[in-house]
Amino acid sequence: MRRLTSCRLTLSLLIFSLLPLSLLARPFVLVLSQDDLKDAPTSGESDGDSSPDSPPEWDEFGDSDSKPEHELDPGSWRPIFEPDSSTPDNTEDPVMAEYYSTVQKMLGAVSGGEVRMMEEASAEIEAAAVAGNPHAQSVLGFLYGLGQMRERNKAKAFLYHHFAAEGGNMQSKMALAYTYSRQDMYDKAVKLYAELAEVAVNSFLISKDSPVIEPVRIHNGAEENKEALRKSRGEEDEDFQILEYQAQRALAWFLKAVKKGEPRSMELLGEIYARGAGVERNYTKALEWLTLASKQQLYSAYNGMGYLYVKGYGVEKKNYTKAKEYFEKAADNEEAGGHYNLGVMYLKGIGVKRDVKLACKYFIVAANAGQPKAFYQLAKMFHTGVGLKKDLIMASALYKLVAERGPWSTLSRWALESYLKGDVGKAFLLYSRMAELGYEIAQSNAAWILDKYGERSMCMGESGFCTDAERHQRAHSFWWQASEQGNEHAALLIGDAYYYGRGTERDYERAAEAYMHAKSQSNAQAMFNLGYMHEHGQGLPFDLHLAKRYYDQAQEIDPAAKLPVTLALTSLWIRRNYADSFLVNLIDSLPGVYPKIEAWVENVIMEEGNATILTLFVCLLTVLYLRERQRRHVAGVGGEVGVPPNQPFENGAPVAVPR
């Protein structure tokens, strides 16, 4: 019972790790009761065999051969953005050579704002798609979904993504899975996300997860964006070298680092030899390097050592006891991989008595520490109903967290690089592509670019550059998708769009719904807006008591809201005590007067010539005021003395000066 309680408490903490590891995907609360924890058959033997009722595909300790990205993510745009990477020569395949040439033309068109070039690229993509190229079909589905150089058509977008997915395009599978999840078709979404998550997991290292290419919110500022870009390039993460450099170069690089006594390089050399990444696989050397790293207090190396003993590689024979000992050493030193590997052993009954609930506990601890494989295992438990009650919604969400760390996440780095170079058009296109795959931050970034840069976003619509209506509609769509995934700022902007009729028809009720969604995430601005709507009966019932409650909550959440809340409460007091007075009419007229004043300031005062004249006029008034103030100060000093300067005293007494 104590173990069960511990598992339940740990599960309840999972929410705190979901947001950062999901790359800011939809935040949700994982609340599990005892009913969610399913009793599983327990095998008393510790012979190392899995329970007969355990799904055979749960062989976590299978061989983990590394695969190049062009196999994990076929049709990737990496050859365009990183031509020096270890990708096959596409010139030998005329179909793929033509595909990459067309994609490059499309990217060049959005960079330079070349509408004609974009039309040509779009036509070439369509021709290749009709000819059966699955990767061209994926891009064509993207263009139909975005409404670029063709009428926006979600049905055709879905159809082309379906064909592309059937042809093996992983990004189209991501787009389909996201579409299914938005339509609550979780039985289909979970299958695709499971496949995508498995591909992502297969790209991870043995003892540590893959380098994280974190999407960032580009409105954070240039310095924060540059720092994120350095991390995404792997400039501060040695692990990244395995994936970014050719294996032979990586081997030479790590050998040099080993000479300097760097333990992490020792561990990574063990990884290289264990995986046979660019070198002849040699488990004996792998164990030697991992052992050296562990002696340098690099506790994550124990995970690789435990793996070798589980498989019997580089050692005399399998030794589950020794493997468990190494995993426990890693776990005792707060290594997420150690907790994860122990969870797998208890889940499978490998060398221990099978205990699914204890496995669940280890997976949760590993997940809280940032181990993506733990999310993968929890997703499988929800998916299959092993250890946890079957829940396709939760399984889809957890699979999605892992799938978003797949090879296709490099789109984020390329988008950020383009943005920092000032290529807003290319950045917008790349973020739009990621948005279609379900990345919430990409949805927010694409919408932000449209709102921030307007015409300079190089947004292309059905026939040429986006009209204002197309741009507003596209931004609205991106913000809406981001709000569905828990972005409170996006929900707030959606509410504003409906309230003011920006890019859509004015609808106070839908505005209130969006503000409610943002309010549920403790957004002070949304609370203030709801109070205002209750005060004026817009989209919500006229209720001054509820209005006051929302105003008070806004101030409690954000102390900076004190001034607007004070003014709003003053308005409430006047409305309550002087309901039919001119003051209420004056207050109600302010929202209509303010835009006119704002427009007058922008059109008249802020016009370049008028602004210069106004500035000079203010400076002149300031000089005249200061001189007048100085003159009065001098006169005042003379008046206080009461005697004109150099006026002699008569008989030793002061002479009264008449005034």
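# A guided tour of the predicted model

Begin by selecting Cys459 and Cys466, which are joined by a disulfide with 2.0 Å between their sulfur atoms. The model shown here is a predicted one. A search of the whole structure yields 1 disulfide. Looking along the S-S bond, one finds a torsion of -55°, and the link between Cys459 and Cys466 is left-handed. Colour both partners by accessibility: Cys459 has a relative accessible area of 3% and is buried, and Cys466, at 9%, is buried as well. Another cysteine to select is Cys360, which counts as buried at 1% relative accessibility.

**The loop between α24 and β1**

Next, display the loop that runs between α24 (440-453) and β1 (460-461), and pick out Ser457 within it. Is Ser457 buried or exposed? Ser457 counts as buried because its relative accessibility is 0%, which falls under the 20% limit. To see what surrounds Ser457, select its contacts beyond four places in sequence: Val424, Gly425, Phe428, Ile449, Leu450 and Arg471.

Now move to Met458, which also lies in the loop between α24 and β1. Its backbone deserves inspection: Met458 is not a glycine, yet its phi is positive, at about 60°. Met458 is partly exposed, with a relative accessibility of 24%, whereas Ser457 has 0%.

**The loop between α27 and α28**

For another positive phi, select Ser522, a non-glycine residue with a value of about 60°. Ser522 belongs to the loop between α27 (508-519) and α28 (524-536). Its relative accessibility of 41% places Ser522 in the partly exposed class.

**The loop between α15 and α16**

Turn then to Leu298, in the loop that connects α15 (283-295) and α16 (301-311). Which residues does Leu298 touch, leaving out those up to four places away in sequence? They are Pro263, Arg264, Glu267 and Ala293. Leu298 is classed as buried because its relative accessible area is 18%, under the 20% cut-off. From here, draw a distance from the C-alpha atom of Leu298 to that of Glu335: the two residues are 37 positions apart along the chain, and the atoms are separated by 9.8 Å.

**The pair α18 and α20**

Select helix α18 (residues 336-348) together with helix α20 (residues 372-384); their axes are 10 Å apart and meet at an angle of about 25°. The two helices are therefore roughly parallel, as the angle is under 35 degrees. Show side chains where they meet: Tyr340, Val344 and Leu347 represent α18, and Lys373, Ala374 and Gln377 represent α20. By class, this contact comprises 4 nonpolar residues, 1 polar and 1 charged.

**The whole protein**

Finally, zoom out and colour by secondary structure, which comprises 32 helices and 2 strands. How many residues does the protein have, and what share of them is buried? There are 659 residues, of which 49% are buried. With a surface displayed, the accessible area is about 32,700 Å², and carbon and sulfur atoms supply 53% of that area. A contact map offers a last view: among contacts with a separation of 6 or more, 60% join residues that are 24 or more positions apart.

Notes: Residues are numbered from 1 along each chain as its sequence is written. This is a predicted model: local features need pLDDT of at least 70, side-chain atom pairs count only at pLDDT 80 or more; totals for chains, interfaces and linings use all residues. Side-chain values use heavy atoms; hydrogens and water are left out. Helices (H or I, at least four residues) and strands (E, at least two) are DSSP runs, numbered from the N terminus. Buried means under 20% relative accessible area, exposed over 50%, partly exposed in between (1.4 Å probe, protein chains only). Contact means heavy atoms within 4.5 Å. Accessible areas come from the Shrake-Rupley method with a 1.4 Å probe; for residues, only the protein chains shown count as cover. A disulfide is a pair of cysteine sulfur atoms within 2.5 Å. Axes are lines fitted to C-alpha atoms, for helices over the stretch in contact, and angles run from 0 to 180 degrees between N-to-C directions. Angles under 35 degrees count as roughly parallel, over 145 as roughly antiparallel, 65 to 115 as roughly perpendicular and the rest as oblique. Ala, Val, Leu, Ile, Met, Phe, Trp, Tyr, Cys and Pro count as nonpolar, Asp, Glu, Lys and Arg as charged, and the others, Gly among them, as polar.
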